[in-house]
Amino acid sequence: MTTRDPGLQPERTRFAWRRTVLTFAAVTLLLLRMALYDDAASVRAAIGVSLGLLGLILVIYIGSRRIKAMTDAEPVAVGRTLTVVAAAVLGYAILGIVLVLS
Amino acid sequence: MNYVFNWLRRWFDPRDVRRHGVTPDYRFSLANERTYLAWIRTSLAMLGGGLAVAQFLPPLDVPHLREGMAVGLLGLGGASAIRAVDHWSRAERAIRRGEDLPPSRFPAALAIAVAIGAILLAIAVIRQDAGE
């Protein structure tokens, strides 16, 4: 029989998501700067900026949904959601490598 | 091959986790989720570090060292993110089954890799300073 946690764990998880989204935003800024390096009018820059912004929007969306879900009775995370977030990070890593080497 | 397919499927199928064991106190799952997010932030920090090295470090004497380090950090960050999902998945199943949490060598390996990289970079910077 579990007693309802009066708000500590869901709140901590909310904060954890906010910190994660903020960190993602900071890395997006670095990524955008990298994409615009040298020639801001190139195809490289256009692709880099679009993918970076898409990734950030995706993570903000997922984060807001999880944050709202914390007010549910049993807000347990689903594997697919977490895999998508990790895929976004991996995508950033690949995009970053491509931008560094180009 | 079937084993690999099942292993990957655990990352994507939300119902798969619930096939194993018993649903625990949701606070354990939230704690697992926060651990996962901490690892994602660690991965992001490595991505940020790699991008910063590529953009803000002046060219070093050793050719392509700067690019090499940037790519290395970015790669480590990407690998960390993948591993974060895997660890979350395995921990969630262990919690449901009432087993011990899976042991993890990754944090130690990561720490060693970062330390080695930092030492090499320090040597490169010192040698560059000494050469001027």
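This passage describes the fold, the nonpolar core and selected residues of a predicted model with chains A and B.

Chain A contains three helices and zero strands, and from the N terminus its elements follow the order α-α-α. The radius of gyration of chain A is 17 Å, well over the 13 Å that the globule rule gives for 102 residues, so chain A is more spread out than a compact globule. Along the principal axes, the C-alpha atoms of chain A fill a box of roughly 60 × 20 × 15 Å. Of the 102 residues in chain A, 43% are buried. When contacts between residues at least 6 apart in the sequence of chain A are considered, 68% of them join residues at least 24 apart. Chain A exposes about 5,600 Å², and 68% of this area is supplied by carbon and sulfur atoms. With regard to charge, chain A carries 11 positive and 6 negative side chains, and the centres of these two sets lie 2 Å apart.

Chain B is likewise described by its helices: there are five, with zero strands, and the pattern along the sequence is α-α-α-α-α. The radius of gyration of chain B is 20 Å, whereas a compact globule of 132 residues would have a value near 14 Å. The C-alpha atoms of chain B occupy a box of roughly 65 × 30 × 20 Å, taken along the principal axes. Buried residues account for 41% of the 132 residues in chain B. Among contacts in chain B that link residues at least 6 apart in sequence, 68% connect residues at least 24 apart. The exposed area of chain B is about 7,300 Å², of which carbon and sulfur atoms supply 66%. Chain B has 16 positive and 12 negative charges, and the mean positions of the two groups are 9 Å apart.

The largest nonpolar core comprises 42 residues. The residues with the most contacts inside this core are A:Phe24, B:Tyr36, B:Ile40 and B:Leu47. Five helices each supply at least two residues of the core: from chain A, helix H1 (8–35), helix H2 (43–69) and helix H3 (79–101), and from chain B, helix H3 (26–56) and helix H4 (65–97). The surroundings of B:Leu47 include residues of both chains. With residues up to four places away in sequence left out, B:Leu47 touches A:Val27, A:Val89, A:Tyr92 and A:Ala93 in chain A, together with B:Leu74, B:Gly77 and B:Gly78 in chain B.

Two further residues of chain B were examined individually. B:Arg93 is located in helix H4 of chain B. Because its relative accessible area is 11%, under the 20% limit, B:Arg93 is classed as buried. Apart from neighbours within four places in sequence, B:Arg93 is in contact with B:Arg10 and B:His20. B:Arg93 is separated from B:Tyr36 by 57 residues in sequence, and the C-alpha atoms of the two residues are 14 Å apart in space. B:Tyr36 is one of the core residues named above.

B:His64 lies in the loop between H3 and H4 of chain B. The relative accessible area of B:His64 is 64%, over the 50% limit, and B:His64 is therefore classed as exposed. Although B:His64 is not a glycine, the residue has a positive phi of about 65 degrees.

Definitions and conventions:
Residues numbered from 1 in each chain as written. Chains lettered and ligands numbered in written order. Predicted model: local features only at pLDDT ≥ 70, side-chain atom pairs only at ≥ 80, totals over all residues. Heavy atoms only, no water. Helix = DSSP H or I, 4+ residues; strand = E, 2+ residues; numbered from the N terminus. Rg over C-alpha atoms; globule rule 2.2 N^0.38 Å. Buried < 20%, exposed > 50% of the residue type's maximum accessible area, 1.4 Å probe, protein only. Contact = heavy atoms within 4.5 Å. Areas by Shrake-Rupley, 256 points an atom, 1.4 Å probe, with all protein chains shown as cover. Lys, Arg positive; Asp, Glu negative; His and termini not counted. Charge placed at Lys NZ, Arg CZ, Asp CG, Glu CD. Core = buried A, V, L, I, M, F, W, Y, C linked by side-chain atoms within 4.5 Å.
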